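Trainee: I am new to this structure and should be grateful for a close look at one part of it. Please begin with the burial of a single side chain and proceed from there.

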Amino acid sequence: MFSLLPLSHFLFLLSAVLAKRCDQHRTIPNHEIDWKSCSPDFNETGVSCGNLVVPLDYSDPCSIETLELKLLKVDAVRSPSKGSILLNFGGPGARGKPPLAKERELILNLTGGHHDLVTFDPRGTGDTIPFSCYGSDEERASALNASPRLSSNASDVALGRIWADGQLFAETCREAQNETGTFVGTAFVVRDMMRMVDTLDEDGMLRFWGLSYGTILGATAAAMFPKKMDKVILDAVANPLDWYANRDSDLYSDVDKAFSGFCAGCIARPKDCVLAKDNITASELEAKIYALFDDLKRNPIAVPSPSGGIILDYSMARRWMHAVLYFPLLWTNTARILHSLLTRDIQSLDGFQDILSSIFPTNNEAKFGIACSDAFGQTSNISDILPTVYARHNSSRLSGDTGEYMLMTCAQWKLPAKERFNGDFRVKTKNPMLVISTLYDPITPLTSARNVSETFDGSVLLQQDSYGHGAISQASLCTAKAVRAYFVDGKLPSPNTVCGTDAVLFSGSSGWDKVFEKLDADKE
């Protein structure tokens, strides 16, 4: 006797049949990339550009809409190439085309020049369905003037204002991006990357170096396609569990250590740091700068410029100080700016507005579009977010109150990605990953790298005792040898390896030139 299937089972089987049928008729992307010279304004030897057509919506097997990704390839300097390494420099929202020239050259040298490097503009960035919440720069500037990026300790009413500003921004983005805003999430970018791997027609395996948000991409790729992982480096590691939950309480846990290192490094090189004078100690300098920032609550500084000038207040000063801790090469100039602020020498701050604009670009909605589309746990009640807010406050005196705008915007986001990864990161990849973290990273703390390394079975953590956001910020011969051994020979360093740094703070050099000279000399 036959029995009727439950309706839910019938619908599931029907959808599976339809999905298979639709997949057979889906427009098939081109299966090779036609690499050509790039545009005349970016025409370097050994660099070529290409396009790859991918599905716009991986979640709909019947959709025939496609998306064209812009790719850039840097040829290996040693022949034959051992395959391509995909790069992502973070953000989220950092463009891949053209990649940052110095970082590109650095990674090419670190990997021994045996691999091609491939970068691309991820969804939401560059020309790849760019995520923009405003119709013009004027509209964007008006909105930013109406809703400045406050730190939550700027006043006793700042926290509530940030929540309300985040609600307005989330709604503005929903209205502007309702057609394509749900296609920019990390899971779809991972699927784009795997299409690239297949289209490159090498060995079908992903080789990848992800920095910062790039580690979210790499971790998600490893969790979704563990059998497709070859050599993968996660550098400056964000915690993927906290990323998707929008509840990262540890984000700023190493900032104050980095700031203390800035002050100690300054005092150690008085000829190169204008703040090191009058026999001041590192702890006294630290206290002096903290007092300056606190005073800006009541006495902000007007910095005029031909473009209109800025008001440097408590919120902006702390965000700026936090941002420059990413890049030790900026610290000598940072000290000059702090000296001008401490002495109220406004004339010496000429050009400071341009510096702020380069650190905080106004057209950075892609950062919100990608991160907030990934996030779960949306709420209409600010109380649900406050435990994370207060945990951040307690984790850092310098920066613990600087990140609420993004946290609260994502909590009220209206454009969830078509696919948000909600799986298990406790997987064993076909080849183990190399996880790298500096000791004093101001935004991706060492504890996150430890957590990720412990999560992925077989991965190894390399700790580099240096400053800055990512291992490439300061040179390390030890790290360089480990990276080359990994990518060239497939050899991982010993678990819990600790590498020193060959860079000197306030020296004006990252130290990489000398490191590569030593590497080349060792080979000879």
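Mentor: Tryptophan 512 counts as buried, since its relative accessibility is 5%; here buried means under 20% relative accessible area, exposed over 50% and partly exposed in between, with a 1.4 Å probe and protein chains only. Phenylalanine 516, at 11%, is buried as well. The two residues are four positions apart in helix α18 (residues 512–523), and so about one helical turn separates them. Helices (H or I, at least four residues) and strands (E, at least two) are DSSP runs, numbered from the N terminus.

This is a predicted model, in which local features need pLDDT of at least 70 and side-chain atom pairs count only at pLDDT 80 or more, whereas totals for chains, interfaces and linings use all residues. Residues are numbered from 1 along each chain as its sequence is written, and side-chain values use heavy atoms, with hydrogens and water left out.

The aromatic rings come next. Rings of Phe, Tyr and Trp (its six-membered ring) pair if their centres lie within 6.5 Å; planes under 30 degrees apart count as stacked, over 60 as edge-to-face and the rest as tilted. The count by this rule is 23 aromatic pairs. One of them is tilted: the ring centres of phenylalanine 169 and tyrosine 405 are 6.0 Å apart, with their planes at 40 degrees. Phenylalanine 169 belongs to helix α4 (residues 158–176) and tyrosine 405 to helix α15 (residues 404–411), so this pair ties together parts that are 236 residues apart in sequence. Phenylalanine 169 and tyrosine 405 are both buried. The pair of tryptophan 512 and phenylalanine 516, by contrast, is stacked, at 5.5 Å centre to centre and 20 degrees between the planes.

Tyrosine 405 has a further partner, as the charged end of arginine 149 sits over its ring, 3.9 Å from the centre. The criterion is that NZ of Lys or CZ of Arg is within 6 Å of the ring centre and within 35 degrees of the ring normal.

Helix α4 also takes part in a disulfide, a term that here denotes a pair of cysteine sulfur atoms within 2.5 Å. The structure holds five disulfides. Cysteine 133 is joined to cysteine 173, S to S 2.1 Å, and the torsion of about 100 degrees about the S-S bond makes this link right-handed. Because cysteine 133 lies in the loop between β4 and α3 (137–146) and cysteine 173 in helix α4, the bond ties together parts 40 residues apart in sequence. Cysteine 133 is buried at 3%, and cysteine 173 is buried at 0%.

A second disulfide joins cysteine 478 and cysteine 499, with sulfur atoms 2.0 Å apart. Its torsion of about -55 degrees makes it left-handed. It links distant parts of the chain, with cysteine 478 in helix α17 and cysteine 499 in strand β11, 21 residues apart. Cysteine 478 is partly exposed at 33%, whereas cysteine 499 is buried at 1%. Cysteine 263, however, is in no disulfide; the nearest cysteine sulfur, that of cysteine 266, is 7.2 Å away. Cysteine 263 is nevertheless buried, at 0% relative accessibility.
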